[in-house]
Amino acid sequence: MTITAHETNGLKIAELISDKLLIQTHEDGLNLLGDLYYQGFDKIILYEHHITPDFFDLKNGLAGEILQKFSNYRMKLAIVGTFSNYTSKSIRDFIYESNQSQLVHFVGTLSEALNKAC
């Protein structure tokens with residue numbers, strides 16, 4: 001994993017680059033959050049392919065557990081991907097509601113991720 005640091009509007013943003021899954025469990029999410037939090041980052045940018053597909057199956061609670069940790073630490077998160085593949089009403093509503101918040105955003109491009117809620 002490589003971390004590319006960006007700064008936008010005074011926020012230190014970590015863009016994670018990897019060809020591997022970075023988050024498969026809620027513990028992975030917490031460890032990643034903690035590591036970057038203590039490095040002084042204010043926001044994390046992940047790509048959809050960094051996250052297990054189970055994250056997008058809301059029935060298992062993984063997304064809720066992970067995003068609750070980000071909320072508790074007040075760490076902003078942007079997930080970059082193509083979310084049109086997820087057709088269930090529950091995940092579409094979840095993405096919509098997340099995008100209304102100030103902490104978690106599902107976006108299509110890096111540029112959107114850098115600018116969203118900064």
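These entries record what I looked up in a predicted model.

**Entry 1: the sheet**
I began with the strands. I found an open sheet of 5 strands with mixed pairing, in the order E1-E2-E3-E4-E5. I then noted its edge strands, E1 (2-8) and E5 (104-107), each of which pairs on one side only. I also looked up the turn between neighbouring strands of this sheet, which is 20° on average with direction ignored.

**Entry 2: the edge at E1**
I followed E1 to strand E2 (residues 11-17) and found the antiparallel sense, over 7 bridges. Within this pair, I saw that Thr8 stands opposite Leu11 in E2. I next checked the hairpin of E1 and E2, where 2 residues lie between the strands. I recorded that Asn9 in this hairpin takes a positive phi near 50°.

**Entry 3: the edge at E5**
I turned to strand E4 (residues 76-80), which pairs with E5 in the parallel sense over 4 bridges. I looked up Ile79 and found that its bridge partner in E5 is Phe106.

**Entry 4: the salt bridge**
I searched for salt bridges and found that the structure holds 1. I identified its members as Lys89 and Asp93, whose side chains meet at 2.7 Å, N to O. I placed both residues in helix H3 (residues 89-100); because they are 4 residues apart there, about one helical turn separates them. I asked whether Lys89 is buried or exposed. I entered Lys89 as exposed, because its relative accessibility is 60% and the cut-off for exposed is over 50%. I entered Asp93 as partly exposed, with a relative accessible area of 36%.

Terms used. Residues numbered from 1 in each chain as written. Predicted model: local features only at pLDDT ≥ 70, side-chain atom pairs only at ≥ 80, totals over all residues. Heavy atoms only, no water. Pairing = 2+ DSSP bridges. Axes fitted to C-alpha atoms, helices over the stretch in contact; angles between N-to-C directions. Salt bridge = Lys/Arg side-chain N within 4 Å of Asp/Glu carboxyl O. Buried < 20%, exposed > 50% of the residue type's maximum accessible area, 1.4 Å probe, protein only.
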